[in-house]
Every structure is written in structure tokens, then in C-alpha cells.
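This report goes through the packing of helices in one chain and the surroundings of selected residues. The sequence and the structure come first.

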Amino acid sequence: MSNLAVLHQQHAPGEADSAFWCPAIGTASAALADLAPQLDSLAHDVARLPVRAAVTRPVVGQYLSMVRTLAAAWQARARPALGSALAMLAFVGHSMAQPAVLAALQAQGPDQQGGAHALDALRRRMAAPLAALDTLSRDVASYLAQMARASHELASDTALVTECLQADAVHAFLLSQQASALQSRLDDAALRQDAPWLLGPHAEPLRQEMVLHASALEGVRRQLTQLQGEQMATRAEADYLQSLLPALSRFLGRLDDTGAAIDTLRCAAASTCHSLLLEAGALAQQPPGLAARQLQAALPHWALVSKAAAALRA
């Protein structure tokens, strides 16, 4: 099952929605902590792909340059930004664990002003990770679009090179047949030249016929030799393109899962931020201590987010 499927199908046991916790935060954070090292490894593999100096078309070498640039963008920009965004989100959970917040929510009174202020402060702190996740989501979407375009172009060019190989094979077969036919004619003319009754007035036309066949055969053989050389170069090019496809496909798949996890995390954080706002307004109408109990239930889940953030920044 892919990480994307896990995000849609699984929540950690015992998790429940509240103003202080959305289960999708936990599943998305865990997925990102798992996906990031996979992308690191795949980016490293891309950097080690062999470079072919002798390719028949410059565009072939450009594919590897494009893939390496996109993989490097993950390591240089998206990866650090992801670690930073998750650390900001973990800080919100850390803020919830402060004794002053719990004390404010446990306080009795008709207006619960202290609790409302504490909830509003938590909501404001959520703005930083939300902004970071928004930026990261746009960046990853841009990477995905560029890599998908590169993957499509690479697959199309690979198919084109394969078609060229097939056409060259047909051409080579026809040239071979033509060479065989010319050789047969040349051999037949040589046999007739050896017949004593063809000497005399028939000798010159026969000699001209042999010269003509020999010249045509030499031309066909030159074409066949050139075509075979081109076939070798095209086959090497096709093999090279085929070697790039798996690396690009694997990287694109993991980046797609990462983009989905980031979007899930962003939506879950926004939902929690909205819930905190609603909770602040409804605090006075709730049974005493309900918000405090919900907060305490959420804290172990936020601790797991902190572990995921630490793993990403390790």
C-alpha cells in the first residue's frame, strides 16, 4: 500500500478529532518522516546515473541534466523547508503542553477569558507552520509538474527512438536482400563469362554488366555499413534513455506521495486552527474542564509529531 493510500485509510489507534488535534496531522507527519529519507536515497541515485558523452542528439544528454536539477532542488530547498515546517508545527504542540495553557483551561469562571486567550495564542502560533506548508505545497507542485513533463518527454523520446530502431531494422533487411540479389546477378555474370561460347562479341556487354552489378553492390554495402553504424548508436541511445526512466519514475512517485502528504498536513493544520477559534468562542458554554481533558488527550499525539519533526531534521 502506498503512503498516499495510508493517509486516506489509516489513523493512529485511539486518535479522535478535537479542537487540539486532527488525526490527519499524525498520519501525514509520519508519512513525511518515512518518505523524506526515501527521496534522499533516490536523489542520490539520480546523481550517480551514468553520463553518456557519445549520444547522437544533444537532447538525450539534457534529460539527465533536467532530472539531476530537479532531484537537487529537493535536497537543497524542499527537504530543509519540510523539516522547518514540521518543526514549526511541533512547536504548536509543545506550546499546548505548557502548564500555563492547561491551567487557563481548567480555571473556573463564567467567562473563561484566560482559556480563550490561551486558545487564541495557540491559533496565532499555527499561522507560521500553515504559511510554511502553503509555500512548500506550491514548490512541490511545481517540482511535480516539471518532473511529470520531463518524464512524459523522456517516455515519448524513448518511444521515438524505438520506432527509429524498428524502421532501421526494416531498412537494413531490405538492403541485405538487395545486396544478396546483386551478388547473385554478379555471380551469374561471372559464370557466363567463363563459358567459352560467350567470348567474342558477347564479352564486352557481359563485362559492362558485371561492372554495373559490382558498382551497385558496393553502393548497397556502403549504405548497409553506414546504417549498421547508425543502428548501434541509436540502440545505445535507446538503452541510455531506458536506464533513465526507472530512476525518474521512482523519484516522481515518491515526490507525488510527499506532495499528497504535505497537502493533507496543511489541510489538517488549517482545520485545527479553525477548531481552536471555534473552541475559544464556545468555551463558556462547555462543561468545566472539558477543554482541558481534550487538550491532555491530544498531547501524546503531538509528542509523536515532535519525533517526526526531529527525524526529518536529523
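Helix 4 and helix 5 (residues 113-125) have axes that come within 7 Å and cross at roughly 140°. That angle makes helix 4 oblique to helix 5, because only angles over 145 degrees count as roughly antiparallel. The crossing of helix 4 and helix 5 is left-handed. The model is a predicted one.

On the side of helix 4, the residues that meet helix 5 are V101, A104 and L105. Their counterparts in helix 5 are G114, G115, A118, L119 and L122. Sorted by class, the contact of helix 4 with helix 5 has six nonpolar and two polar residues, and no charged ones.

Helix 4 itself spans residues 99-106, and V101, L102, A104 and L105 are buried in it. These residues cover an arc of only 160° around the axis, which puts them on the same side of helix 4. The face turned away from this buried side carries P99 and A100, which are exposed. V101, A104 and L105, named above as buried, also take part in the contact with helix 5.

**The chain as a whole**

The chain has eight helices and zero strands. Read from the N terminus, its elements run α-α-α-α-α-α-α-α. Of the 314 residues in the chain, 41% are buried. Among contacts with a separation of 6 or more, 85% join residues that are 24 or more positions apart.

**Helix 2 against helix 8**

Two packed helices are described by the angle between their axes and the distance between the axes. For helix 2 (residues 23-47) and helix 8 (residues 290-313), the angle is about 20° and the axes are 9 Å apart. Helix 2 and helix 8 are therefore roughly parallel to each other, the cut-off for this being an angle under 35 degrees. Their crossing is left-handed.

Helix 2 contributes I25, S29, L32, A33 and A36 to the contact, and helix 8 contributes W302, V305, A308 and L312. By class, the contact of helix 2 with helix 8 has eight nonpolar residues, one polar residue and no charged residues.

**Residues at and around this contact**

S29 is located in helix 2. With a relative accessible area of 2%, S29 is buried. Apart from neighbours within four places in sequence, S29 is in contact with L86, L265, V305 and A308.

A308 is part of helix 8 and is buried, its relative accessible area being 7%. When residues up to four places away in sequence are not counted, A308 touches S29, A33 and L86. L86 thus appears in the list for A308 and in the list for S29. A308 and A33 are 275 residues apart along the chain, while their C-alpha atoms are separated by 5.5 Å.

P23 also belongs to helix 2. This proline is buried, with a relative accessible area of 4%. From P23 to A298 the C-alpha to C-alpha distance is 9.6 Å, across 275 residues in sequence.

The loop between helix 1 (3-9) and helix 2 holds D17. D17 is exposed, with a relative accessible area of 60%. Leaving aside neighbours within four places in sequence, the contacts of D17 are with C22 and P23. The C-alpha atoms of D17 and T272 are 8.9 Å apart, although their positions lie 255 residues apart along the chain.

R79 is found in helix 3 (residues 58-96). How far is R79 buried, in terms of relative accessible area? The value is 14%, and under 20% counts as buried. Beyond its neighbours within four places in sequence, R79 is in contact with A36, P37, D40, W74 and L312. Of these, A36 and L312 are also named in the contact of helix 2 with helix 8.

The table collects the accessibility values of the residues discussed.

| Residue | Relative accessible area | State |
|---|---|---|
| S29 | 2% | buried |
| P23 | 4% | buried |
| A308 | 7% | buried |
| R79 | 14% | buried |
| D17 | 60% | exposed |

Definitions and conventions. Residues are numbered from 1 along each chain as its sequence is written. This is a predicted model: local features need pLDDT of at least 70, side-chain atom pairs count only at pLDDT 80 or more; totals for chains, interfaces and linings use all residues. Side-chain values use heavy atoms; hydrogens and water are left out. Axes are lines fitted to C-alpha atoms, for helices over the stretch in contact, and angles run from 0 to 180 degrees between N-to-C directions. Helices (H or I, at least four residues) and strands (E, at least two) are DSSP runs, numbered from the N terminus. Angles under 35 degrees count as roughly parallel, over 145 as roughly antiparallel, 65 to 115 as roughly perpendicular and the rest as oblique. A crossing is left-handed if the near helix is turned anticlockwise from the far one by less than a right angle, and right-handed if clockwise. Contact means heavy atoms within 4.5 Å. Ala, Val, Leu, Ile, Met, Phe, Trp, Tyr, Cys and Pro count as nonpolar, Asp, Glu, Lys and Arg as charged, and the others, Gly among them, as polar. Buried means under 20% relative accessible area, exposed over 50%, partly exposed in between (1.4 Å probe, protein chains only). The arc is that of the directions from the helix axis to the C-beta atoms.
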